[in-house]
Structure formats: structure tokens, C-alpha cells
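Have you ever looked at a label on a structure and wondered what earned it? Let's go through some labels together and set each one against its cut-off.

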Amino acid sequence: MNRYVAAVLGTLLAGPLAAQPAPPVTDYRARTPEQEVVYFVLPDRFENGDPTNDKGGLKGDRLRTGFDPAAKGFYHGGDLKGLVKRLDYIQGLGASAIWVGPVFKNKPVQGPKGQESAGYHGYWITDFTSVDPHYGSNADFKAFVDAAHARGMKVYMDIIANHTADVIQYRDGGDYAYRGKADYPFSRRGGIASAAINPGFAGDGDPRADNWARLTDPSFAFAPFVPKGEEKAKTPAWLNDPTYYHNRGNSNWVGESALYGDFVGLDDLATEHPRVVAGMIEIYGDWIDKYGIDGFRIDTARHVNPEFWRAFVPAMLARAKARGIPNFHIFGEVATGDVDPALLARWTRIADLPSTLDMAFAAAAQKVVSGKAGTDVLARLFEDDALYQGGEAGALALPTFLGNHDFGRFSMFVKQANPGIGEDELLDRVMLGHAMMMTLRGVPVIYYGDEQGFVSDGNDQLAREDMFSSKVAVYNDNDLIGTAATTALANFDKAHPLYREVAALAEVRKATPALHGGATISRAFSDKPGLYAVSRIDPETGQEVVVAFNTSTAPVTQRIAVEPRSLTFTSLAGQCSPAADAPGSVSVTLPPLGFAVCAAKE
Ligand SMILES: [Ca+2]
Ligand SMILES: [Ca+2]
Ligand SMILES: [Ca+2]
Ligand SMILES: [Ca+2]
């Protein structure tokens, strides 16, 4: 941490804002999605509150129970009681909502012989109505939601409608390579030259029940079957019928297969089928009714036909409203590693998803904060907010993030872009990225462990380190930033510089409506690392808040345009010029990799 960053932290922690915290929104139901700060946690990797459930009530070795705390691809013991135990830590970070990885009962272990791994991540659901026993019980989930609500915190569930666990297998086809509609139409059994089947089926673009009643034979591409002993593996019971699945083999991620293909063997639901639409509405509506949760993060949203979401989303919003949850948030995962807001915006329009996870922000922040792209990448990104459903106002509710459980941690991207980077500079850049996420438009999502300086070795399993004492060697040899600690011992350090920075900026954000609800006006950017500045405008009062970042390792001083009425400024973070140079112009001076948040006095 450089002296500047230490000074900013000192200001944040000892300044007037720390002394006068924002008046809390006492009714958490009244907060809008953009007013939240979200903490994303995988329950298996967070805290073990009950060692008796570590094997999920199963007996035998790890291939039976899924439990092996020394292996990165198996259950480690974290659970819902552990989450409850650490709510104080999460709330202390300034998080007001918890996005909890999927809690539904999973197939404990799957994968080819010798390559097995466990459902510790939660994305291999067999029972959509029950909590996985590795995490606890449905009663434990209720206790968790109630405990969060008692603190004024919200709970967002991570849900899946695209697929179930891998249960269905195919009698033919060896590697299960994708079989498309052209060569394997619904009207022939296993290929063009074969017997006619499903007479009268008018295709899956016709959602009427009497049309789907004519699709009686699911063996148009492969001949699907449920292996012996797994006939009742799934709940609700209708999910055990292969007719409700696509059965076309593995996705190759492009074109038709992106919607119809199995996600590496995971049984891809026929989400065009009215029974599937009704079934998923019933399943997830029930979780709203029973637990009063506050929103959904939708996994693999782009692998489901948009018509499904256009039925599902309004049904969930109506269900929530009837349950007294007017600000239910729904955000979909439209995965991309590129700065591609058009792709994300498209899904808010064609699928009526209220929000998508802002993958474009993550990719832009990784490039810009690494110093490998100019700050114009961010400026251009926010210009494209006009593309989203609801335009720039709609974009305020996009959950922004820096790294995640799939792509890897932000610190990893900064390191990869800067081989040999020193620990101080790495910490400064990671802090700069978090400052951007906490003050630019969108809902900040902190990926658990980032606030403790976790540095993933890679993506997926390598980016899912344990917060409690880890036994995974490939985690424990990592050099965490901002601390001498390792993952071998628990990391819930409220004094970690990243934890303190996020907590302080979360307070600033909550106290400053311009930062969560304000329009963005671009003030300074270039095609090289250096100054990036925007003004955020309070939607009620019109107050201007200048947010400025220096992505270069040289100090910058530069004049930027401001509103002519903004004549004097006060610092909410960092160093601010106390007065405009003239109406409409103010000087910004930032040290290397520094940032500032400057509020105009009204
Ligand atoms: Ca446990
Ligand atoms: Ca399968
Ligand atoms: Ca699909
Ligand atoms: Ca390692």
C-alpha cells in the first residue's frame, strides 16, 4: 500500500463520514436494487458452522459423499450455519445483500471415472425443492434468511433453469457430440433417413400444450435414458421424464447448440416446453413464498430461449410483489470475457431480464486498471448504457464485479497483465479497481475473499479458495496481497486494507445518492493510462459528485469540466480541490494509482 492509499484510508475512516454514518434505510424491503452493495459467496467455501453435515449425511469415500477438504473440486464443509455465524463480518464490509451460490440439493459427485468432482459449487441440481444436506436443511436456510433480514440485509438466491445435474445418458453417440436440428429434426428417429416420429409436432416455436402433446418420442437425435437406480433422482418428479429435455448432446457454445446443447453433460431442459416453463415458475415461486428472499441471480441465462424468461421474469416479480417484496431484483448471467455491452443489453431486451451481470464492466476494469488499455475503454462502456432496457437509468441496477468464481479473481488479471509486479503496486491497483466498482454506476458485487487479498492461481476451482482454514495445497501456497496471512488459517480480518477500503467506500456510497442513483457524465479519459473522471449527479438535488481515478504510475494534474454551479468541493475520499478555478472548471490532482471522490457543496 503506498502512502497515498494509506492516507485515503485514514481520511475515509476518520473523516466526517465515519463519524456520521448514513441514516440506515430501516425497511430493507424499501431499498431499490441499485442501493445495495452485494457480497457473493459460495457457501461450501465460506465458513463451517456444523462439522456434522460435512459429508451431507452420506457414507463412504469422497466419491460417495463428495467430501474431501484437501481437494479443490470437492466439498470442504462450509454451510448455512457458517454463513449465519459470519453475518457480522459481511455486514461490517458494508454489504447489504448476500448473493449465495446455489443451495439446492446436488448430485454429490459426477464426471468420468478418474475425473470425478463434486457439486460443492451447487450448479448440479437434482432436487430443486430442498437445500443440499452438505449445507444444512431447509430450516437452516430459513434461519439464514431470517437472520439476514433481521440485520436489514437482503438475500439473493443463485438459480438455474437451463439444466439439471447429469443424469440422462444416451444409448448411442459415444462422445455425445452435438446433433443439430437440420440433420436430426424432431420428425425422424435418429436422423433424416430414419423412421418418422412425433407426427403433427409443429416445432418448438409453438408453445401450445396440444402441440407439445405430439412430441412423444424424445429419440430424434440421441436415444436418451435414465440409468438404473436414478429413475427418481430428481425432484419435482416431472424432471425425471427425458421428454422435457433437449437430448441433442453437448453444447459447442455457438449458434443453436448454445441454447439446445448439454452444458458438459448437464441435462439441458427443453425450456420451450410449457410444462417446463410452468414447472420452473412453480419451483422458484415457492422459494419466494416460503422464504421471502429478495432476488435471483440466474445462472446460464443466455443458454435458455428468451421466450422462457419473458414468461418467468414477470411471474417471479408478481409473486414477489404479492409477498410484499416490491424491489425484488433479477439479474442474469450472460457470460462473456469481452467488453461487449451490446451482448448484455440485447438479453435485457429480448428476454426482459431486468439486469444482467455486468461482464463488460469486469472486462473493462481488468484491462484499464492493469494499465494495459486507455481509460477510454471505460468511457465508451458507459456511453453504451443507452443500449440497455430502460437505457441509462436501467443500467444503474446492473451488478458490477471485478472477478468471479468462473473467470478468476481481479488480482489475478492484474498480475497476469503485469508479470513481476511488486506487491505494493498490485495492492494499489486492486484498491483502485475496487474504488471504481464502489463509485461508478451499477451495483457493486464483492467476490468473497477479494477483501482479504485472495489471489487465484487460475479460473474456476482455482478461484474458489476457502475463507476458513484450508487444506488445499494449491490455495495455501498463494501469496495473498495486503497481508502476511495465507489461506491455511481462516481469513476474516476486518483490519485488512481491502476490507477497510470497501467498508469505507460502502459508507460513502450509501450516504451519497449520486453514487448509486445518479447519472454519469464523462469528464476526462484518454487512449492511454492516466486520468479517468466522471461526474455523478444526485437525481433529487442535482448535486454533482466528481469521481476521478489515475490508472498510471505517474502523478496527474488536469482541469476537467464541471457544472458551472459547482463552485466549491468537499472530499468524500482522497484529495480534492476546494474550489473551482472558474465556474465550470476544476483542477484534479492525483498521485500514481490514486483516486478521489469530490462532492460539490450546494
Ligand atoms: Ca459443515
Ligand atoms: Ca446428461
Ligand atoms: Ca439450454
Ligand atoms: Ca497456488
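The questions and answers below deal with a predicted model.

Q: Why are Asp166, Ile168, Gly265 and Asp267 called protein donors of the calcium ion (ligand 2)?
A: For calcium, a donor is an N, O or S atom within 3.2 Å of the metal. Asp166 (OD), Ile168 (O), Gly265 (O) and Asp267 (OD) lie 2.3 to 2.5 Å from the calcium ion (ligand 2), so they count as donors under that cut-off. Along the chain they follow the spacing D-x1-I-x96-G-x1-D.

Q: What makes Ile168 and Gly265 a pair that ties together parts apart in sequence?
A: Ile168 sits in the loop between strand 7 (154–159) and strand 8 (169–170), while Gly265 sits in the loop between helix 8 (255–260) and helix 9 (274–291); the pair therefore ties together parts that are 97 residues apart in sequence.

Q: Are Ile168 and Gly265 buried or exposed, and how do you know?
A: Buried means under 20% relative accessible area. Ile168 has 5%, so Ile168 is buried. Gly265 has 12%, so Gly265 counts as buried too.

Q: Why are Asn162, Leu259, Asp268 and His303 listed as protein donors of the calcium ion (ligand 3)?
A: The cut-off for calcium is again 3.2 Å. The donor atoms from Asn162 (OD1), Leu259 (O), Asp268 (OD, listed twice) and His303 (O) lie 2.2 to 2.7 Å from the calcium ion (ligand 3), so they meet it. In sequence, these donor residues are spaced N-x96-L-x8-D-x34-H.

Q: What makes Asp268 and His303 a link between parts of the chain?
A: Asp268 lies in the loop between helix 8 and helix 9, and His303 in the loop between strand 10 and helix 10, so this pair ties together parts that are 35 residues apart in sequence. Asp268 and His303 are both buried.

Q: How do you know whether the span of helix 10 is close to the one expected?
A: Helix 10 (residues 306–322) has 17 residues, and 24 Å is expected at 1.5 Å a residue. From its first C-alpha to its last, helix 10 reaches 25 Å, which is close to that value. Just after helix 10, Gly324 takes a positive phi of about 85°.

Q: What makes the buried residues of helix 10 line one face?
A: The buried residues are Pro306, Phe308, Trp309, Phe312, Val313, Met316 and Ala320. Seen down the axis of helix 10, they fall within an arc of 120°, so they line one face of the helix. That buried set packs against strand 7, helix 9, strand 10 (295–298), strand 11 (329–332) and helix 11 (341–350). The face turned away carries the exposed residues Lys321 and Ala322.

Q: Why is Phe361 called buried?
A: The cut-off is under 20%, and Phe361 has a relative accessible area of 1%, so Phe361 is buried. Phe361 is found in helix 12 (residues 359–369), and touches residues including Leu378, Phe382, Thr400, Leu402 and Met436. Phe361 and Leu402 are 41 residues apart in sequence, with their C-alpha atoms 7.5 Å apart in space.

Q: Why is the contact between Arg86 and Glu47 called a salt bridge?
A: A salt bridge needs a side-chain nitrogen of Lys or Arg within 4 Å of a carboxyl oxygen of Asp or Glu. The side chains of Arg86 and Glu47 meet at 2.8 Å, N to O, so the pair qualifies. At 21% relative accessible area Arg86 is partly exposed, whereas Glu47, at 6%, counts as buried.

Q: What makes Asp358 and Arg441 a salt bridge, and which parts does the pair tie together?
A: Their closest N and O atoms are 2.9 Å apart, so they fall within the 4 Å cut-off. Asp358 lies in the loop between strand 12 (355–356) and helix 12, and Arg441 in the loop between helix 16 and strand 14 (443–447), so the pair ties together parts that are 83 residues apart in sequence. Asp358 is buried, and Arg441 is too.

Q: How do you know that Asp527 and Lys528 are exposed?
A: Exposed means over 50%. Asp527 has 57% relative accessibility, so Asp527 counts as exposed, and Lys528 has 52%, so Lys528 is exposed as well. Their side chains meet in a salt bridge of 3.5 Å, N to O.

Methods
Residues numbered from 1 in each chain as written. Chains lettered and ligands numbered in written order. Predicted model: local features only at pLDDT ≥ 70, side-chain atom pairs only at ≥ 80, totals over all residues. Heavy atoms only, no water. Donors = N, O, S within 2.8 Å, 3.2 Å for Na, K, Ca; no water. Helix = DSSP H or I, 4+ residues; strand = E, 2+ residues; numbered from the N terminus. Buried < 20%, exposed > 50% of the residue type's maximum accessible area, 1.4 Å probe, protein only. Expected span 1.5 Å × (residues − 1). Arc of directions from axis to C-beta. Contact = heavy atoms within 4.5 Å. Lists of a residue's contacts leave out its neighbours within four places in sequence.
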